Amino acid sequence: MTNLSEIRELLQRYGLRHLYGKILATNDNSKQQIYLGQSYGILQGLPFELRDIPLPTGRAQLYGWPRFSWMNDAGDLASAPQTKFILYPQYPEVRLSGFLRGAKFGPDSLRQRPARDYPPRCLLLGVTDDGQIIGYVGAAPDPLVDEVAALLGSDAHVALREIEFDVELDARTDLLRRLRAIHLMGWISGRRHTRNGTIAYNSRNGGGYTLEAMFGISSNGIGEPDFRGWELKQHAGSVITLLTPEPTSGFYREHGPEAFVRRYGYADKNGEPDRLNFGGIYRMGQRHETTGLTLSLEGFDA
């Protein structure tokens, strides 16, 4: 049984910023497409690339191509690369199409079947910080369906609408809430998040990739913080690299590397003449006997 709070918490791992919902009609499925509304205005706030494609009739059909993935109950993502918004100018109306083609998994309750066999269903579309759209479909008897219907009121069946909720958490609180949610899940199988969805990954360096995947972060080599100014690190050994490649403030920044090494460096331990080195393992709160420096970690509360 799934409720709205649980789905929101899963989506927040991926940087949820806006959430949209709609109660699905009995004829909304992979063949008939999903009706989203009569106005192009319902797409406001949804990120996509607009393209017009010529038709054999000589007219052009407008399509909106989002980066779209489906989310399952475990919070895993599967890219749905053929998903598109179709903008019909002659009606006008907007429909969602192609959302199951090419996807590793998707909601079974959207697959074509007689309308009488569909239970009451709701569609949720979450928009993330990096411009991705994540879809989820709930079906009765999940409480989620009744919750969405109650929040959206009498228009729940008519058109896609935003579901308001407070996401303006400060970065530290947001980070700790997400880490706590991941911790409470217990053991997690190794995984890696890519532009095409989440894949299994069980190599020795899989811990860091798995943590990033649980935050919806694709593996990358960018030397910047992973999440809202924070760097995510998995710690499995005796040492961990926190600073790379060099300091951005302090004595090193103000006076340069040579002056820094002359002040804090030490004679080469292999006896090489006229050489100063700087290195070693630094433990938090303990003065390093060779360089005389002490590592402090601001923000950590034991």
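Colleague: Which residues make the nonpolar surface patch of about 370 Å²?
Modeller: This is a predicted model, and the patch belongs to that prediction. The patch is nonpolar and covers about 370 Å². Its members are Met-284, Leu-295, Leu-297 and Phe-300.

Colleague: Where is the place of Phe-300?
Modeller: Phe-300 is one of the residues that make the nonpolar patch. Look past residues 276-277. Phe-300 sits in the segment after strand S15.

Colleague: How many helices and strands are there in the protein?
Modeller: The chain runs to 302 residues. Its secondary structure comprises six helices and 15 strands.

Colleague: What radius of gyration does the protein have, against a compact globule of 302 residues?
Modeller: The C-alpha atoms fill a box of roughly 85 × 45 × 35 Å along the principal axes. A compact globule of 302 residues would come out near 19 Å. The protein itself has a radius of gyration of 25 Å.

Colleague: What percentage of the 302 residues count as buried?
Modeller: The protein exposes about 18000 Å². Carbon and sulfur atoms supply 49% of that area. Buried means under 20% relative accessible area. By that cut-off, the buried share of the residues is 39%.

Colleague: Among contacts between residues at least 6 apart in sequence, what share join residues at least 24 apart?
Modeller: Start from the contacts in the protein whose partners are at least 6 apart in sequence. Then keep those with partners at least 24 apart. Their share is 56%.

Colleague: Which strand gives the largest share of the largest nonpolar core?
Modeller: This core has 25 residues, and Ile-34, Leu-36, Leu-46, Trp-70, Phe-85, Leu-110 and Leu-123 have the most contacts inside it. Strands S2, S5, S7, S8, S9 and S10 each supply at least two of its residues. The largest share is three residues, and it comes from S9.

Colleague: How many residues are in the second, separate core?
Modeller: Among its members are Leu-10, Leu-16, Leu-124 and Tyr-136. This core is separate, and its count is 21 residues.

Colleague: Which residues does Leu-110 touch, leaving out those up to four places away in sequence?
Modeller: Leu-110 is among the residues with the most contacts inside the largest nonpolar core. Its partners include Leu-24, Ser-30, Leu-100, Tyr-118 and Arg-121. The rest of the list is Asp-28, Asn-29, Ile-34, Trp-70, Phe-99 and Val-137.

Colleague: Is Gln-33 buried or exposed?
Modeller: Gln-33 is found in the loop between strands S1 and S2. It touches Asn-27, Asp-28, Ile-86, Tyr-88, Arg-95, Leu-96, Ser-97 and Phe-99, with residues up to four places away not counted. The cut-off for burial is under 20%. Gln-33 has 16% relative accessibility, so it counts as buried.

Colleague: What is the C-alpha to C-alpha distance between Leu-125 and Ile-163?
Modeller: Leu-125 lies in strand S9 and counts as buried, at 0% relative accessibility. Beyond its neighbours within four places in sequence, its contacts include His-18, Phe-68 and Leu-160. Leu-125 and Ile-163 are 38 residues apart in sequence. In space, C-alpha to C-alpha, they are separated by 9.8 Å.

Colleague: How far apart in sequence are the parts that Arg-17 and Asp-129 tie together?
Modeller: Arg-17 forms a salt bridge with Asp-129, with the closest N and O atoms 2.9 Å apart. Arg-17 is in strand S1 and Asp-129 in the loop between S9 and S10, so the pair links parts at a sequence separation of 112 residues.

Colleague: Which residue forms a salt bridge with Asp-268?
Modeller: A search of the whole structure finds nine salt bridges. Asp-268 is buried, at 13% relative accessible area, whereas its partner is partly exposed, at 40%. The N to O distance is 3.3 Å, and the partner is Arg-275.

Colleague: What distance separates the C-alpha atoms of Glu-258 and Leu-11?
Modeller: Glu-258 is in helix H6, residues 257-264. It is exposed, with a relative accessible area of 53%. Glu-258 and Leu-11 are 247 residues apart along the chain. Their C-alpha atoms are separated by 48 Å.

Technical notes
Residues are numbered from 1 along each chain as its sequence is written. This is a predicted model: local features need pLDDT of at least 70, side-chain atom pairs count only at pLDDT 80 or more; totals for chains, interfaces and linings use all residues. Side-chain values use heavy atoms; hydrogens and water are left out. A nonpolar core is a set of buried Ala, Val, Leu, Ile, Met, Phe, Trp, Tyr and Cys residues joined through side-chain atoms within 4.5 Å. Buried means under 20% relative accessible area, exposed over 50%, partly exposed in between (1.4 Å probe, protein chains only). Helices (H or I, at least four residues) and strands (E, at least two) are DSSP runs, numbered from the N terminus. Contact means heavy atoms within 4.5 Å. Patches are made of residues with over 30% relative accessible area and no salt bridge: like charges are joined within 9 Å, nonpolar side chains (Val, Leu, Ile, Met, Phe, Trp, Tyr) within 5 Å. Accessible areas come from the Shrake-Rupley method with a 1.4 Å probe; for residues, only the protein chains shown count as cover. A salt bridge is a side-chain nitrogen of Lys or Arg within 4 Å of a carboxyl oxygen of Asp or Glu. The radius of gyration is taken over C-alpha atoms; the globule rule is 2.2 Å times the number of residues to the power 0.38.
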